[in-house]
Amino acid sequence: MSEQKSLDRRSFLKKSALMGGAAAGTALAAPAVLAQSPLVVKMQTSWPASDIWMDFARQYVTRVEEMSGGRLRVDLLPAGAVVGAFQVMDAVHDGVIDATHTVPVYWYGKHKAASFFGTGPVFGGNANTMLGWFYQGGGAELYRELTQDVLRLNVYGFMGFPMPAQPFGWFKGEVNAPADLQGFKYRTVGLAADLLQAMGMSVAQLPGGEIVPAMERGVIDAFEFNNPSSDLRFGAPDVAKNYYLSSYHQASESFEFVFNKDFFDDLDEDLQAILKYGVEAASTSNTALSLREYSNDLERIREEFGVTVHRTSKEILAAQLEAWDQIIADLEKDDLNKRIMDSQRAWVEKVAYFELMASPDLTLAYEHFFPGRLNL
């Protein structure tokens, strides 16, 4: 956005506010519709229209619109409505759209450090731990450095909804040891692609809506996306019958809410706060909805579609950690990568110690009250 265009927009917003105030004093001072017309936020997601993540995005929209008293209206669009799922960051930067609901791994091709804000090494913390790092451990400043200073992107970004650890994924047969993974053509994204390639897989990075068609054409023969609800909605049980839960490839991801910087700066401060803190409000509602729907859909996957749900073996999990060791050593050659990982390690060492020491063995409690149900 040019400087003149930005100034013109600010002048328009200020004039609108002044005219709206004058209208309170005299009915003839300004057209009432000018004071009442909402400012439209054009937001495209990276998700198909039918995905549960669109439901999560709608929860954000509801909160923003209600908290703004109708002054903001969010025009929420699915992937492909304006640009492709992986092109939303560029579209926000260019001002083609005002905002996006996405994940950093969808633009990590610009710089691998993007993946640290969702699918980086798991040092012992979960997604809640890493969302805490973003807001209280220095992560937000490192994100700003990456996006604005290094990549020169004209954006602001906020994180919300700490996701449950993602399943290792869908396979046609059983995989019980690292040797069983050799040669698989597997779908994942971000640094997880490097991880699984280090374990002997051939990796394709695809948006969620392209996964099942790629499976049907033989482009891939195993895959992960994120959660039971998304997997069920795009037809995963139709193309594979072994579903592996638990993995270190993407165990600490959150949604990314990105806004065009010029658009955001032009807003009144209270509307900026609503867009920013609406992320926190939606994070709570997303978490509650995910617990209900992911659990319901996992049961359907088992009972209605005849899928065998496995717990990923300790041998494969240990091999993932060893592969992370190799990747970390290579990534640390870049100064920004190293500073981000050093920051994350310091945070996790401190706060995960408390989390792990304070947490009782929930598996023991679950098995006490629901004996024989877990398959560990």
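Author: Two strands count as paired if DSSP finds at least two bridges between them. Keep in mind that this is a predicted model.

Reader: Fine, let's use that. In strand 10, which residue is the bridge partner of Val155?

Author: Strands pair through backbone hydrogen bonds, either parallel or antiparallel. Here strand 4 and strand 10 (residues 254–260) go antiparallel, over seven bridges. Within strand 10, the residue bridged to Val155 is Asn260.

Reader: Which strands sit at the edges of the sheet?

Author: The sheet is open and has five strands, ordered 2-1-3-10-4 with mixed pairing. An edge strand pairs on one side only, which picks out strand 2 (72–77) and strand 4 (155–162).

Reader: And what does the twist average from one strand to the next?

Author: Take that same open sheet, with its order 2-1-3-10-4. From each strand to the next, the twist averages 25°.

Reader: Now the helices. At about what angle does helix 3 run to strand 2?

Author: Helix 3 lies across strand 1 (39–45), strand 2, strand 3, strand 4 and strand 10. Helix 11 (residues 269–303) lies across strand 2, strand 4 and strand 10, and runs at about 30° to strand 4. For helix 3 against strand 2, the angle is about 170°.

Reader: How far apart are the end C-alpha atoms of helix 3, and what span should its residues give?

Author: Helix 3 covers residues 52–67, so there are 16 residues to count at 1.5 Å each. That should span 22 Å, and the model agrees, with the end C-alpha atoms apart by 23 Å.

Reader: What goes on at the two ends of helix 3: which side chain reaches the backbone nitrogen of Trp53, and which residue with positive phi follows the helix?

Author: At the start, a side-chain oxygen comes within 2.8 Å of the Trp53 backbone nitrogen, and it belongs to Asp51. Trp53 is itself among the buried residues of helix 3, which also include Ile52, Met54 and Phe56. After the helix comes a residue whose phi is positive, near 60°: Gly69.

Reader: Last one, on aromatics. Is the Phe117 and Trp133 pair stacked, edge-to-face or tilted?

Author: The structure holds 30 aromatic pairs. In this one the ring centres are 5.5 Å apart and the planes sit at 35°. Stacked needs under 30 degrees and edge-to-face over 60, so the pair is tilted.

Reader: How many residues apart in sequence are the parts this pair ties together?

Author: Both residues count as buried, Phe117 at 6% relative accessibility and Trp133 at 1%. Phe117 lies in the loop between strand 3 (99–102) and helix 5 (127–136), while Trp133 lies in helix 5. So the separation of the parts tied together, in residues, is 16.

Technical notes:
Residues numbered from 1 in each chain as written. Predicted model: local features only at pLDDT ≥ 70, side-chain atom pairs only at ≥ 80, totals over all residues. Heavy atoms only, no water. Phe/Tyr/Trp six-rings, centres within 6.5 Å; stacked < 30°, edge-to-face > 60°. Helix = DSSP H or I, 4+ residues; strand = E, 2+ residues; numbered from the N terminus. Buried < 20%, exposed > 50% of the residue type's maximum accessible area, 1.4 Å probe, protein only. Expected span 1.5 Å × (residues − 1). Polar contact = N/O pair within 3.5 Å; in protein donor to acceptor, adjacent residues only side chain to side chain. Axes fitted to C-alpha atoms, helices over the stretch in contact; angles between N-to-C directions. Contact = heavy atoms within 4.5 Å.
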